[in-house]
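Colleague: I am new to this model and would rather know one part well than skim the whole. Please choose a single helix and take me through its surroundings slowly.

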Amino acid sequence: MTTNTTAPTTTTAALTSAGTASGIAAAEAARGRLELAKAAPRVFRALVGFDAAARTGLDPALVELIQIRASHLNHCAYCLHMHTNDARKAGESEDRLHLVAVWREARHFFTPREQAALALTEAVTLVADAGVPDTVYAEAAAHFEEEELAHVLALILTINTWNRVALATGKVAGTDERRG
């Protein structure tokens, strides 16, 4: 038996893309959950403002790494899709994007500062498991000035909030409202 190992044709790629688009549309239509921005616009605007304030002064690449890692841990496909795309647009490498989930095993891809932020992201995201260990906090504090550490912590809090909003309201990966 012979296996065809040639690349998919343009027609196959177009069908796959169309299938993905129709699948997203179907998933979104089946969702049937509230839109927080419409149901509670003041709350939504407050979250947007908190998020914007948290990012102030932080390296955009670090912002995306933190958001990607928290979204992995929270199993939030909507935010993970959004933030990996944002990271790519900002010039992040595919290697680093693929390795964020296993950064401890691929430390050489991440700076010590990024590693400290990722460890803090994990501790805060999984706070119910073991709190935020003093060693994790101290390592982050060694890499960030006080104000910057406050912004990193605020960013971790905002992405965890956004993950919970997306999961609770049934957001569908690939339907980033910021684009439309």
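**A close look at helix α4**

Modeller: The protein chain exposes about 10400 Å², and carbon and sulfur atoms supply 61% of that area (Shrake-Rupley method with a 1.4 Å probe; for residues, only the protein chains shown count as cover). This is a predicted model, in which local features need pLDDT of at least 70 and side-chain atom pairs count only at pLDDT 80 or more, while totals for chains, interfaces and linings use all residues. Residues are numbered from 1 along each chain as its sequence is written, and side-chain values use heavy atoms, with hydrogens and water left out.

Let me set the scene before we zoom in. The protein chain has ten helices and zero strands (DSSP runs numbered from the N terminus: H or I of at least four residues for helices, E of at least two for strands). Of its 180 residues, 38% are buried (under 20% relative accessible area; exposed is over 50%, partly exposed in between, with a 1.4 Å probe and protein chains only). Among contacts (heavy atoms within 4.5 Å) between residues at least 6 apart in sequence, 70% join residues at least 24 apart.

Now for our helix. α4 has 14 residues and spans 20 Å from first C-alpha to last, close to the 20 Å expected at 1.5 Å a residue (that is, 1.5 Å times one less than the number of residues). It is mostly covered, with eleven of the 14 residues buried; among them are Leu 62, Glu 64, Ile 66, Arg 69 and Leu 73. The cover over these buried residues includes α3 (41–55), α5 (77–89), α6 (94–99), α7 and α10. Just past the helix comes His 75, with a positive phi near 55°.

What does α4 help to build? The largest nonpolar core (buried Ala, Val, Leu, Ile, Met, Phe, Trp, Tyr and Cys residues joined through side-chain atoms within 4.5 Å) has 26 residues, and Ile 66, Leu 120 and Val 152 have the most contacts inside it. Two or more of its residues come from each of α4 (60–73), α7 (112–125), α9 (134–143) and α10 (146–168). α7 gives the largest share, six residues. Separate from this core is another, of eleven residues, including Leu 36, Tyr 78, Ile 159 and Val 165. In soluble globular proteins, nonpolar side chains tend to be buried together.

Val 152 shows how the larger core is joined up: setting aside residues up to four places away in sequence, Val 152 touches Leu 58, Leu 62, Ile 66, Leu 120 and Phe 144. Next to Val 152 in number is Leu 153, also in helix α10, and Leu 153 is partly exposed at 32% relative accessible area.

Now follow α10 along to Asn 163, which sits in that helix. Is Asn 163 buried or exposed? At 0% relative accessibility, Asn 163 counts as buried. Leaving out neighbours within four places in sequence, Asn 163 is in contact with Ala 70, Ser 71, Asn 74, Cys 76 and Cys 79.

Those two cysteines deserve a pause. The structure holds zero disulfides (a disulfide being a pair of cysteine sulfur atoms within 2.5 Å). Cys 76 is in none, and its nearest cysteine sulfur, that of Cys 79, is 3.5 Å away. Cys 76 is buried, with a relative accessible area of 1%, and Cys 79 is buried too, at 3%.

Cys 79 brings us to α5, where Tyr 78, Met 82 and Ala 87 are also among the buried residues. The buried residues of α5 pack against α3, α4, α6 and α10.

Finally, look at how α3 and α10 meet. There is one aromatic pair (Phe, Tyr or Trp rings, using Trp's six-membered ring, with centres within 6.5 Å; planes under 30 degrees apart are stacked, over 60 edge-to-face, the rest tilted). Phe 44 and Trp 162 form it edge-to-face, 5.5 Å centre to centre with 70° between the planes. Phe 44 lies in helix α3 and Trp 162 in helix α10, so the pair ties together parts 118 residues apart in sequence. Phe 44 is partly exposed at 27% relative accessible area, whereas Trp 162 is buried at 16%.
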